[in-house]
Amino acid sequence: EYGTPLHGEKYESAGSFFGVPVLPARDEPTYRQALAEAFAMDGPVIVEAFPNEREYDELLLKGNR
């Protein structure tokens, strides 16, 4: 297995970490929206992306499987 599962399927994103706002993005439209919001904000912001692991799997080197 490549990676470490940190959260289960029912993971709820936090509204902020250490006072920094968190913008969750679970698909491409919400990722684009989160980036637009992040760049419009003053100060730090976290864009928490949840990539589709099936799409990521295709990026791994096939010889390492």
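Helices (H or I, at least four residues) and strands (E, at least two) are DSSP runs, numbered from the N terminus. With that settled, let me introduce the protein.

This is a predicted model, in which local features need pLDDT of at least 70 and side-chain atom pairs count only at pLDDT 80 or more, while totals for chains, interfaces and linings use all residues. Residues are numbered from 1 along each chain as its sequence is written, and side-chain values use heavy atoms, with hydrogens and water left out.

The protein has two helices and three strands. Read from the N terminus on, the order of the elements is β-β-α-β-α.

I turn first to the strands. Two strands are said to pair if DSSP finds at least two bridges between them. Strand 1, residues 16–17, runs antiparallel to strand 2 and is joined to strand 2 by two bridges. In this pairing S16 stands opposite P21. The two strands form a hairpin with two residues between them, and F18 in the turn has a positive phi of about 55 degrees.

What is the sense of the pairing between strand 2 and strand 3? Strand 2 (residues 20–25) and strand 3 (residues 46–49) are parallel, with four bridges. Here L23 faces V47 of strand 3. Between these strands the chain passes through helix 1, residues 28–40, in a right-handed β-α-β crossover; right-handed means that, with the strands pointing away from the viewer, the path from the first strand over the helix to the second runs clockwise.

Next, the surface. The protein exposes about 5,700 Å², of which carbon and sulfur atoms supply 56%; accessible areas come from the Shrake-Rupley method with a 1.4 Å probe, and for residues only the protein chains shown count as cover. Of the 65 residues, 14% count as buried, where buried means under 20% relative accessible area, exposed over 50%, and partly exposed in between (1.4 Å probe, protein chains only). I46, which lies in strand 3, is partly exposed, with a relative accessible area of 30%.

Finally, contacts, meaning heavy atoms within 4.5 Å. Among those in the protein with a separation of 6 or more, 44% come from residues 24 or more positions apart.
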